[in-house]
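Dear colleague,

Please find below the structure I am handing over to you. My notes on it follow directly after.

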Amino acid sequence: MGKLSIPILGFLLLFFAAAAGDTKKYLKYKDPKQPLGVRIKDLMSRMTLQEKIGQMVQVERSVATPDVMKKYFIGSVLSGGGSVPAPKASAETWVKTVNDIQKGALSTRLGIPMIYGIDAVHGHNNVYKATIFPHNVGLGVTRDPQLIKRIGEATALEVRATGIPYVFAPCIAVCRDPRWGRCYESYSEDSRIVQALTEIIPGLQGDLPANSKKGVPFVAPGKTKVAACAKHYVGDGGTTRGINENNTVISLNGLLNIHMPAYFNAITKGVATVMVSYSSWNGKKMHANRDLVTGFLKNKMKFRGIVISDWQGIDRITSPPHANYSYSVEAGVSAGIDMVMVPYNFTEFIDDLTYQVKNKIIPMSRVNDAVQRILRVKFTMGLFENPLADLSLTSQLGSQEHRELAREAVRKSLVLLKNGESADEPLLPLPKKAPKILVAGSHADNLGYQCGGWTITWQGLGGNDLTSGTTIVNAIKNTVDPATQVVFNQNPDVNFVKSNKFSYAIVVVGETPYAETFGDSLNLTIPEPGPSTITNVCTSVKCVVVIISGRPVVIQPYLANIDALVAAWLPGTEGQGVADVLFGDYEFTGKLARTWFKTVDQLPMNVGDQHYDPLFPFGFGLTTKRTKN
């Protein structure tokens with residue numbers, strides 16, 4: 001027996017050595033030299049049902065522990081609006097958070113990296129000290145695709161600076177009724193402007209290679225680009241009375257001519273993902289609309305990227321939401337949704353979908369289609385080669401170069417609606433040299449108000465402590481002659497205005513921040529004390545009124561008292577861009593990309609309508625010349 005023990009021992013050693021070597025054996029899917037299709041096929045052949053379903057799940061950061069990632073094979077994580085690792089978190093903190101979650105995903109049997117997504121809808125807007133660009137409603141005014149592309153490039157760099165490779169942008173809604181609380185997320189009521197400004201997609205993702213097949217997702221490999229998301233498919237901007245998540249009543253022809261065109265452009269430019277809309281089309285929930293999601297988007301438009309749900313989007317297939325979750329899972333996945341933004345009750349989703357696949361309620365082919373699309377995007381982006389972020393881009397966050405770009409965007413997004421009682425006597429541009437000027441209004445010294453919703457938090461904030469930037473009153477002080485006395489009084493009474501002998505006044509008023517349904521409004525009035533401030537100041541001294549709003553608002557009753565009127569939309573952190581144009585360092589060039597109504601009774605009213613009687617028509621915008629003062 002003693003003689004046998006040595007060969008047996010040798011055999012066992014060989015066996016264990018072979019087993020150890022086996023774990024390092026060549027895996028086709030991990031080889032970047034292999035063609036994309038080969039890598040996808042190889043990886044899918046190794047995946048269990050549990051691993052496949054895990055790829056279809058997107059969970060919120062707050063529940064995405066490394067253990068959860070590993071145990072449930074979670075494919076994607078997101079930060080909801082305002083979901084941050086810590087208040088005022090640094091880029092370094094963000095990178096560590098994302099990498100810790102990623103390490104959980106990489107520790108699974110197959111080591112499939114997760115993809116982390118965030119709403120970066122006007123810059124990297126959840127993140128402290130990021131550059132906040134004007135919201136889309138202002139960018140539409142510029143009609144400048146190259147400017148919007150540069151904003152996409154800057155946004156991608158700031159997002160990647162925090163370790164995140166995926167953004168839920170752009171919103172390519174065509175807002176047809178300003179009563180909608182998301183109208184500021186839309187570039188225009190005219191689909192042609194929205195189509196042109198899909199140029200943000202190559203800015204975010206990189207330019208599509210010349211030989212690309214239509215519909216195939218593209219994200220340039222490396223550290224500087226992000227996967228984009230065209231949203232919300234389709235008709236989100238056409239709901240009745242602008243009610244958020246409601247019903248878009250329109251013919252197929254109308255849907256294709258108004259709400260669909262920008263999706264063709266987005267897909268042609270290689271957009272990686274498309275998010276489905278909460279809204280319905282003629283009574284059918286988009287999240288359950290197989291004809292439009294699978295039939296049209298995937299089959300007719302040949303989209304090969306990921307179709308993702310909105311936040312709890314499948315829950316909202318039923319009314320009330322989550323009333324029949326197993327039905328919602330079946331309807332949403334069967335419609336063609338590949339990745340479900342659950343975002344909290346992920347075990348319920350996994351259990352329901354697993355049951356339905358095992359019982360052939362949902363065919364395995366549908367799960368395979370979803371996983372194939374998810375892996376296609378992950379492989380294309382280079383996530384398998386570079387799953388972990390580093391700190392090499394942290395200096396990009398809120399960089400001076402990006403702030404200058406945002407300031408340029410502000411200048412080009414302003415629309416001059418009135419300038420003096422006649423063209424012979426314009427008030428703008430304002431003189432920088434004056435003995436004493438008044439700056440008034442609730443929005444003159446309020447960074448949160450000028451940024452609007454989707455800034456630091458989901459609904460946005462008031463005040464000046466939310467992030468870093470330049471308020472409009474500070475921009476004015478930076479611009480006027482040092483000898484000019486600038487008096488700031490948020491809501492002065494008539495006596496104060498008259499007794500101070502001001503050369504002129506700048507009044508900055510408008511809407512307070514909101515997002516989504518909280519912004520739905522049937523009256524579209526400027527909240528008090530805005531109207532009182534306009535009346536008190538503008539009846540007493542020559543005045544410019546600057547409106548900070550996410551959409552046209554009721555202004556007709558005050559127009560006679562206003563000498564000059566500027567629509568500044570939601571300009572973001574770089575308020576200096578407003579002063580640049582008010583004082584003539586740059587000219588006004590912006591033209592309305594939305595119709596400005598007289599009264600809300602006229603709504604919806606869009607360019608091309610038979611009964612079109614606006615206060616200021618689509619395309620309107622006065623110009624000024626630069627001054628040397």
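Asp31 is buried (under 20% relative accessible area, 1.4 Å probe, protein chains only) but forms no salt bridge, that is, no side-chain nitrogen of Lys or Arg within 4 Å of a carboxyl oxygen of Asp or Glu. The nearest side chain of opposite charge is that of Lys33, 4.9 Å away; Lys and Arg count here as positive, Asp and Glu as negative, with His and the chain ends not counted. The side chain of Asp31 does reach the backbone nitrogen of Lys33, at 2.9 Å. Leaving aside residues up to four places away in sequence, Asp31 touches Tyr26 and Arg39 (heavy atoms within 4.5 Å). Asp31 sits in the loop between α1 (2–22) and α2 (36–46); helices are DSSP runs of H or I, at least four residues, numbered from the N terminus.

This is a predicted model, in which local features need pLDDT of at least 70 and side-chain atom pairs count only at 80 or more, while totals for chains, interfaces and linings use all residues. Residues are numbered from 1 along each chain as its sequence is written, and side-chain values use heavy atoms, without hydrogens and water. The mean pLDDT (the predictor's confidence in each residue, from 0 to 100) is 96, and 96% of residues reach 70 or more. Over residues 1–22, however, the pLDDT is below 50, and this stretch has 0 contacts in the model beyond near neighbours in sequence.

In helix α12 (residues 290–300), the buried residues are Leu292, Val293, Thr294, Phe296, Leu297 and Lys298. At its start, a side-chain oxygen of Asn289 comes within 3.3 Å of the backbone nitrogen of Asp291. Lys302, which follows α12, has a positive phi, near 60°.

Yours sincerely

Technical notes: Helix = DSSP H or I, 4+ residues; strand = E, 2+ residues; numbered from the N terminus. Buried < 20%, exposed > 50% of the residue type's maximum accessible area, 1.4 Å probe, protein only. Polar contact = N/O pair within 3.5 Å; in protein donor to acceptor, adjacent residues only side chain to side chain.
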